[in-house]
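I opened my notebook today to look around a protein and the ligand it holds. Here is what I looked up, entry by entry.

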Amino acid sequence: MAFYDHSFLWSFVPKSVAEGMVINMISKKMEMLGKQPSKIREIFEYSNKRRKEIGAENVFDFSLGNPNIPAPKEVNETIIRLLNERDSIDVHGYTSAIGDLNTRTAIANNINKRFGFSAQPSDIYMTSGAAASLEITIKALCNEEDEVIVLAPYFPEYKVFIENVNAKVVEVLCRENDLQIDTNAVKSAITEKTKAIIINSPNNPSGVVFPESDIKALAKVLNDYSNKSGEPIYIICDEPYREIIYGNIEVPYIPNIYDNTIVCYSYSKSLSLPGERIGYILVSNKAKDNKDVYAAVCGAGRSSGYVCASSLFQYVIAECDGLAPDIEKYAENRNLLYDSLCEIGYNAIRPDGAFYLFIKSLEEDANEFCEKAKKYELMLVPSDSFGIKGYVRIAYCVSYEQIERSIPSFKKLFEEYCG
Ligand code: PLP
């Protein structure tokens, strides 16, 4: 037996004591997080159960934000070509921890071409998608008890990432009528502990896009405060839906408006590659102490074990970054769902981007409303876990036919309340 094999020592510890010790050895915080049911997953599992019981065509599952348009064909062609043409050891081997230089160069060039910015490859850190980008960025910026402002409604994982570093989530509600940024409310929420604010536009779950004028107003509030305090407040832009927009909507490029910006990007939605886990962080080279922030990003990535994003997909992105997704199907779904639900009488926020429709619950408790919706096989997500009460999220990245077939159920649900 090797000297360091502790199982030998454990054999002397009484079973009851050993069990107690094992329980005490794991992190309670992580155990609780692992046991916390995710509302979205819960609804998705219930949908699966109903699909088996009554047939998939009779269940209207609007729970998950999983893209249902295929990745552009160029992506698949590039994967196949890379596997055929490149050396197998090379294509599957580690890149440098921060990411392949060619990939980072392609991304920087593309950012500069599209947005007239001045990104350098050395400002970019490759990650396993937006969740990793956010986790790393929050860890890089925050010390214990720092505060991060999130605009409700917001993506629930922000809370997990912020609380993981023992920083504090400060929720600021968006304006009630249109779910746009309430700049005065943000201003009131800033304290000397505010380290960052997360901006997600196009927004999950509301589909709202924040216009340039509002971002400029927000930037002014943040700059005014920083000019007095001498400390920057960073904007963390979470933008996996940047390319999924409808009509002539512009999504402002925040690094052009506000210097202390860090962009968390992902190809999960724009190229329909959520399972491949690929994205990046851009630390604006105009941000205060940007080299130190970038070093902290590297440190945070290292401490979280994100030492190298998928090599194959980094090489794919070097060739496919900038491909425009074909979002026509999402646009058709949005129009059908929004128009039909408004016609029935629902109060909905018209989405300018992403693939979610946010409607007002027909009773105060959105959880109860979603429970009633299940009677009509409508699987909807109540808004409470997005930090706001009284709304429901409908993910319309589903087939057009599913939406068509679901409309009579939405009508019956409405009539149950208002008939
Ligand atoms: N941010 C938002 C707003 C999201 O909706 C999602 C995923 O749905 C993520 C981040 C995480 O994206 P990824 O799958 O790239 O980690």
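Before I start: a helix here is a DSSP run of H or I with at least four residues, and helices are numbered from the N terminus. I also remind myself that this is a predicted model.

**Entry 1: around the ligand**

I began with the residues that surround the ligand, and there are 14 of them. The closest are D238, Y241, S266, S268 and R277. Which helix gives the largest share of this shell? I found that helix α8, residues 129-141, supplies four residues, and that is the largest share. Sorted by class, the shell has six nonpolar, five polar and three charged residues.

I then asked where the ligand sits among the pockets. The space that the ligand takes is the largest pocket.

**Entry 2: polar contacts with the ligand**

Next I looked up distances to oxygen atoms of the ligand. For A131, a backbone N or O atom lies 2.8 Å from a ligand oxygen. For N204, the partner is an N or O atom in the side chain, and the distance to an oxygen atom of the ligand is 2.8 Å. For R277, a polar side-chain atom lies 2.7 Å from an oxygen atom of the ligand. How much of the ligand's accessible area does the protein cover? On its own the ligand has 390 Å² of accessible area, and the protein covers 91% of that.

**Entry 3: back to R277 and on to S272**

I stayed with R277 to look at its backbone. R277 is found in the loop between β7 and β8. Its phi is positive, about 60 degrees, although R277 is not a glycine. Is R277 buried, partly exposed or exposed? Its relative accessibility is 33%, so R277 counts as partly exposed, because that class runs between 20% and 50%.

The loop between β7 and β8 (279-283) also holds S272. S272 is not a glycine, yet it has a positive phi of about 50 degrees. With a relative accessibility of 14%, S272 counts as buried, because the cut-off for buried is under 20%.

**Entry 4: cis peptide bonds**

I looked for cis peptide bonds next. One joins N204 and P205, with omega at about 25 degrees. N204 was already in my notes for its side-chain contact with the ligand. P205 has its place in the loop between β5 (194-200) and α11 (212-229).

Another cis peptide bond joins A152 and P153, and here omega is about 10 degrees. I found P153 in the loop between β3 (147-152) and α9 (157-164).

**Entry 5: R242**

Then I turned to R242, which lies in the loop between β6 (234-238) and β7 (261-266). Is R242 buried or exposed? Its relative accessible area is 5%, so R242 is buried. What does the side chain of R242 reach? I traced it to the backbone oxygen of P252, at 3.0 Å.

**Entry 6: G387**

My last stop was G387, in the loop between β12 (381-382) and β13 (391-395). At 18% relative accessibility, G387 counts as buried, because 18% falls under the 20% cut-off. How far is G387 from K159 in sequence and in space? They are 228 residues apart in sequence, and their C-alpha atoms are 9.7 Å apart in space.

Conventions:
Residues are numbered from 1 along each chain as its sequence is written. This is a predicted model: local features need pLDDT of at least 70, side-chain atom pairs count only at pLDDT 80 or more; totals for chains, interfaces and linings use all residues. Side-chain values use heavy atoms; hydrogens and water are left out. A residue is near a molecule or strand if one of its heavy atoms lies within 4 Å of it. A polar contact is a pair of N or O atoms within 3.5 Å; within protein, one must be able to donate a hydrogen and the other to accept it, and residues adjacent in sequence count only if both atoms are side-chain atoms. Accessible areas come from the Shrake-Rupley method with a 1.4 Å probe; for residues, only the protein chains shown count as cover. On a 1 Å grid over the protein atoms alone, a cavity is a set of points where a 1.4 Å probe fits but cannot get out, and a pocket is an open set with protein on both sides within 12 Å along at least five of seven lines; lining residues have an atom within 4 Å of a point. A molecule sits in a cavity or pocket if more than half of its atoms lie within 2 Å of its grid points. Helices (H or I, at least four residues) and strands (E, at least two) are DSSP runs, numbered from the N terminus. Ala, Val, Leu, Ile, Met, Phe, Trp, Tyr, Cys and Pro count as nonpolar, Asp, Glu, Lys and Arg as charged, and the others, Gly among them, as polar. Buried means under 20% relative accessible area, exposed over 50%, partly exposed in between (1.4 Å probe, protein chains only).
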